[in-house]
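Morning, everyone. Please have a look at the model on the screen, and then I'll walk you through it.

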Amino acid sequence: MPNYAVGDIQGCFLEFKEGLELIKFNTSQDFLWITGDLINKGPDSLKVLKYVYANRKSMHLVLGNHDLHFLNCFFNKRPIREEDTFGSLMKYKKVFKLANYLLNQPFVFSKKIFIDKKIQSVGMVHAGIPMHMSLKKVEILSRLIKIKLLSSPEKYLKSIFKNEEGFAEEFLIDAVNFFTRARVVKGNGKPDFSYKGNRKNIAKNSFPWFDKKLKLMEDLDYLVFGHWAALEGKTGIENIRALDTGCCWGKELTFLRLEDKKEFKVQSRQK
């Protein structure tokens with residue numbers, strides 16, 4: 001029963017299927033961890049989400065910023081942007097079923113698995129975790145956010161996107177933004193959501209969210225995340241792994257077998 005983690009798929013269904021064949025993924029025995037951003041940018045968002053839903057018993061996933069953007073467009077009847085590629089998903093006759101499935105997913109996920117003859121704790125988030133937050137705290141926040149979304153998706157999604165460029169008065173919305181959009185953090189501890197470049201060009205008073213000691217890692221042996229394609233899969237920290245390797249930008253889709261950290265890479269078909 002191996003556990004595989006995969007970086008941001010973003011609608012790249014052909015690469016996703018090729019990767020599943022490469023790892024010989026068995027939906028009745030194996031588990032697939034998906035770091036969020038299942039959809040958008042690539043050409044086949046509907047196919048990706050239909051496959052994941054059909055095999056949901058073997059899937060662990062967290063929500064990413066593109067997943068939230070789709071949910072906001074769907075529930076609040078927002079027009080999709082010119083660069084969005086989930087139009088076929090929006091028109092799908094069973095779109096509510098898929099949207100509701102995403103609404104029920106966490107922002108932070110952890111699980112104990114058997115590695116090197118012992119039980120180890122592995123965590124997953126789409127973008128980042130504030131350095132002062134424990135695993136217990138982020139999982140409680142994730143559950144509270146999900147409750148809010150399920151109780152009133154229209155209202156709460158509107159609040160999230162209203163405050164996506166700054167800081168909300170509501171603590172939970174700030175947490176959503178960090179979990180789904182953070183890359184670098186300023187000296188005052190607040191994320192700079194505008195930065196999307198590589199590590200070399202980060203401003204002197206800022207640093208990658210994972211570069212400082214994370215309280216979360218007191219309870220985790222390993223952590224995987226996506227979102228930051230410019231890292232090219234490298235954090236420089238042995239037990240914190242970046243998995244977004246830019247498939248939708250013409251690079252690669254990366255799968256990682258968590259039990260032995262073996263990589264499986266699929267070359268992108270996107271131009």
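Let's start with a hairpin. Strand 4 and strand 5 form it, with two residues between them. One residue in that turn, D116, has a positive phi of about 50°. The two strands run antiparallel, and eight bridges join them. Strand 4 covers residues 108–115, and strand 5 covers residues 118–125. Look at the end of strand 4: I115 has K118 in strand 5 as its bridge partner.

A word of caution before I go on. This is a predicted model.

Back to phi. Most residues other than glycine have a negative phi. Where else does this chain have a positive one? Q10 is not a glycine, yet its phi is positive, at about 50°. Find Q10 in the loop between strand 1 (3–6) and helix 1 (13–22). Is Q10 buried or exposed? Q10 has a relative accessible area of 4%, and buried means under 20%, so Q10 is buried.

Then there is K261. Its phi is positive too, near 65°. K261 sits in the loop between strand 11 (252–257) and strand 12 (262–267). With a relative accessible area of 28%, K261 is partly exposed.

Next, a sheet. Three strands make an open sheet in the order 7-6-8, with antiparallel pairing. Which strands are at the edges? They are strand 7 (191–192) and strand 8 (206–208), each pairing on one side only. Strand 6, residues 184–186, pairs with strand 8 over three bridges. Within that pairing, V184 stands opposite P208 of strand 8.

Now the inside. In soluble globular proteins, nonpolar side chains tend to be buried together. Here, the largest nonpolar core has 82 residues. Which residues have the most contacts inside that core? The answer is F16, L32, F70 and F179. Take F16. Setting aside neighbours within four places in sequence, F16 is in contact with I9, L32, Y51, V52, L253 and F255. There is also a second, separate core of 13 residues, including F109, I115, V122 and Y222. You have met I115 already, as the bridge partner of K118.

Helix 5 spans residues 95–103, and its buried residues are V95, L98, A99, Y101, L102 and L103. What do they pack against? Their partners are helix 2 (45–54), strand 3 (59–61), helix 3, helix 4 (87–91), helix 6 (135–151) and helix 7.

Last topic: pockets. Rolling a probe the size of a water molecule over the atoms shows where empty space is left. The largest pocket holds about 860 Å³ of space. It is lined by 34 residues, and the closest to its centre are N65, H66, R81, R181 and K196. Helix 3 (65–75), helix 7 (153–162) and helix 8 (171–181) each give at least two residues to this lining. Helix 3 has the largest share, with six. How do the lining residues divide? There are 11 nonpolar, nine polar and 14 charged.

The second largest pocket has about 280 Å³ of space. Its lining has 16 residues, and P130, H132, F178, G189 and P191 lie nearest the centre. This time helix 8 gives the largest share, four residues. The lining of this second pocket has 12 nonpolar residues, two polar and two charged.

That's my tour. Over to you.

Technical notes:
Residues numbered from 1 in each chain as written. Predicted model: local features only at pLDDT ≥ 70, side-chain atom pairs only at ≥ 80, totals over all residues. Heavy atoms only, no water. 1 Å grid on protein atoms, 1.4 Å probe; cavity = no way out; pocket = protein on both sides within 12 Å on 5 of 7 lines; lining within 4 Å. Points joined across faces, edges and corners; volume = space filled by probe spheres on them. Nonpolar A, V, L, I, M, F, W, Y, C, P; charged D, E, K, R; others polar. Pairing = 2+ DSSP bridges. Core = buried A, V, L, I, M, F, W, Y, C linked by side-chain atoms within 4.5 Å. Buried < 20%, exposed > 50% of the residue type's maximum accessible area, 1.4 Å probe, protein only. Contact = heavy atoms within 4.5 Å.
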